[in-house]
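Colleague: Got a minute to walk me through this one? I'd like to get my bearings before lab meeting.

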2 protein chains.
Amino acid sequence: MSSGNVKHDLFAQFARIGKALSNANRLEIIEFLAQGERSVDALAQIAGLSIANTSQHLQQLRQAGLVTLRKDGQRVYYRLSGDDVVQMLNSLRAVADRHLTEVAHLVTTYLDTKDHLEPVLAQDLLARARAGEVTVLDVRPPEEFAAGHLQGAINIPLNELEARLNELSPEHEVVAYCRGPYCVLSYDAVARLRERGLRARRLQDGYPEWKIAGLPVES
Amino acid sequence: MSSGNVKHDLFAQFARIGKALSNANRLEIIEFLAQGERSVDALAQIAGLSIANTSQHLQQLRQAGLVTLRKDGQRVYYRLSGDDVVQMLNSLRAVADRHLTEVAHLVTTYLDTKDHLEPVLAQDLLARARAGEVTVLDVRPPEEFAAGHLQGAINIPLNELEARLNELSPEHEVVAYCRGPYCVLSYDAVARLRERGLRARRLQDGYPEWKIAGLPVES
DNA sequence: TTTGTATTCAATTGATCTATTGAATAAGCT
DNA sequence: AGCTTATTCAATAGATCAATTGAATACAAA
């Protein structure tokens, strides 16, 4: 094999990763798995896809080396192959955010109307949480919270937020977070909290990024 | 538009980037453009593609926001939209390297046989070049060298290396680099230099990574 | 104005991808 | 053993992609 061909073969392998990332449903599945290991049916439910379709997408991700599996009885559990997969997804998202006007438009039109304030940086949140100045609110579903969350965070899934507002102290600002930098749940939570007169802001990224940064987590 | 839909729309936009990265020829074009701006016909030549095919791929990259263009007379010049595109490509390559056995196999079988030594880190090369201990050798084609190169590097394109060996001092170790971390040219150069009794190693990454790291460049 | 050159556009063909459907496989329970 | 459940496999139809071809467009030179 000549040098020219090995280069093209290498790039063909790199393109396999690009292919795995070329479908919206698969990107969402990656983000869900970044919260922790899940079974196929759990993923299918949260992604709103059929089990067969979810399984097909997982096979694609697996062939691209992005996920691994373990079996437990009837169930098969998938997880990401490493933190580098999350970092790659975030790199891709940052590029899209910077260079695709449609992304900026969606963010401006639908996300920024819910929270136009600057998000809180992870290091700032860490300091303020340690000083007891803020309430750290995880708005993901409880299974995701159980798989891992920011140290000291409390879990109120978004759909329970209205009913459980009394659990939040009006004395403390609330910093809400969820699955990643574009997670709509935390935007919605912030908007609702503010409607009820609470001071609320969003963490800049989500649980996966906090964990990868080596900041304190619990499970 | 409900929250569920804005999330899916956002992920559809992210998937557009994945699509742009799902073809080997387009990935190669990105790496070529990371060396500096090029015209369509120059890209077509170096990529070994027809002009029409190259143009089509460039339109795909442009629609994905990854490249921009300027016109100069009859010619159209393309460049990457930002350094973040290179960083994203490198993130993708690192994931492939870590998780796709085929990549490891290609590297082991065809690249490591040419250079099984550890590559030189950028910071180490910078220090040693400043101390005058090494010769920094750029083995890319001259147009790429002219667009930008490591400060103090000399340019001997790979296909001229045999004829210009006398330009390299046997007293100094040679550190060769080219377009990126998987650039076959520098592997070939190192192998040839060693065959002729010179001490030679490879830089870990390429010119684009050196530049992005803020290290000294010239053009 | 005519000719030449660089690039894009549009159409075509064959390849590949995605969601769906239902069968097949594997595991658990009675 | 029979029934249930979770997942994968295989086939299908429609959508999308990639390379090629030749026409169209834009620019330059004589």
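Modeller: Sure, here is a quick tour of the contacts between the chains, the DNA and a couple of sheets. Keep in mind that this is a predicted model.

Colleague: OK, start with the protein chains. How many residues of chain A are in contact with chain B?

Modeller: The count is 54 residues of chain A, in contact with 54 residues of chain B.

Colleague: And what is the area buried between chain A and chain B?

Modeller: About 4600 Å² is buried between them, and carbon and sulfur atoms give 71% of that. On the chain A side, A:Lys7, A:Phe11 and A:Phe14 lose the most area to chain B, together making up 14% of what that side buries.

Colleague: How many salt bridges are there between chain A and chain B?

Modeller: There are 6 salt bridges between the two chains. One of them joins A:Glu102 to B:Arg16, where the closest N and O atoms are 3.2 Å apart. The count of residue pairs in polar contact between chain A and chain B, with both at pLDDT 80 or more, is 10.

Colleague: Which helices of chain A supply at least two residues each to the side that touches chain B?

Modeller: Those are H1 (3-20), H2 (24-33), H5 (83-99), H6 (101-111) and H9 (184-195) of chain A. H1(A) brings the largest share, 15 residues.

Colleague: What's the mix by class on the side of chain A that touches chain B?

Modeller: That side has 27 nonpolar, 14 polar and 13 charged residues.

Colleague: Let's switch to the DNA. Which residues come nearest to DNA strand C?

Modeller: There are 22 residues around DNA strand C, and A:His57, B:Asp41, B:Ser55, B:Gln74 and B:Tyr78 come nearest. Of the strand C atoms that come within 4 Å of the protein, sugar and phosphate account for 72%.

Colleague: What does A:Gln56 have close to a base oxygen of strand C?

Modeller: A polar side-chain atom of A:Gln56 lies 2.9 Å from a base oxygen of DNA strand C. For A:Gln74, a polar side-chain atom is 3.0 Å from a sugar or linking oxygen of strand C. From chain B, the side chain of B:Gln59 has an N or O atom 3.4 Å from a phosphate oxygen of that strand.

Colleague: Which elements give two or more residues to the surface near strand C?

Modeller: From chain A, H2 and H4 (51-63) do, and from chain B, H3 (40-47), H4 (51-63) and E3 (75-80). H4(B) gives the most, with 5 residues. By class, the surface near DNA strand C divides into 6 nonpolar, 12 polar and 4 charged residues.

Colleague: Now DNA strand D. Which residues come nearest there?

Modeller: Of the 22 residues around DNA strand D, A:Asp41, A:Ser55, A:Tyr78, B:Asn25 and B:His57 come nearest. Sugar or phosphate holds 76% of the strand D atoms within 4 Å of the protein, and the rest belong to bases.

Colleague: What lies 2.8 Å from a phosphate oxygen of strand D in A:Asp41?

Modeller: A polar backbone atom of A:Asp41 does. With B:Asn25, an N or O atom in the side chain is 2.8 Å from a phosphate oxygen of strand D.

Colleague: And which atom of strand D is 3.2 Å from the side chain of A:Gln56?

Modeller: A base nitrogen of DNA strand D, and the distance runs to an N or O atom in that side chain. As for elements, H4(A) supplies the largest share of the surface near strand D, 5 residues.

Colleague: Last topic, strands. How do E2 and E3 of chain A pair?

Modeller: E2 (residues 67-72) and E3 (residues 75-80) of chain A pair in the antiparallel sense over 6 bridges. A:Leu69 has A:Tyr78 in E3(A) as its bridge partner. The hairpin of E2(A) and E3(A) has 2 residues between the strands, and A:Gly73 takes a positive phi near 65° there.

Colleague: What's the strand order in the open sheet of chain B?

Modeller: The order is E6-E4-E7-E8, 4 strands with parallel pairing.

Colleague: Why do E6 and E8 of chain B each have one side without a neighbour in the sheet?

Modeller: Both stand at the edges, each with a single partner strand, so one side of each is left without a neighbour. E6(B) pairs with E4 (residues 134-138) of chain B in the parallel sense over 2 bridges, and B:Asp138 stands opposite B:Asn155 in E6(B).

Note on methods: Residues numbered from 1 in each chain as written. Chains lettered and ligands numbered in written order. Predicted model: local features only at pLDDT ≥ 70, side-chain atom pairs only at ≥ 80, totals over all residues. Heavy atoms only, no water. Contact = heavy atoms within 4.5 Å. Buried area = accessible area lost by both parts, 1.4 Å probe. Salt bridge = Lys/Arg side-chain N within 4 Å of Asp/Glu carboxyl O. Polar contact = N/O pair within 3.5 Å; in protein donor to acceptor, adjacent residues only side chain to side chain. Nonpolar A, V, L, I, M, F, W, Y, C, P; charged D, E, K, R; others polar. Pairing = 2+ DSSP bridges. Near = heavy atom within 4 Å.
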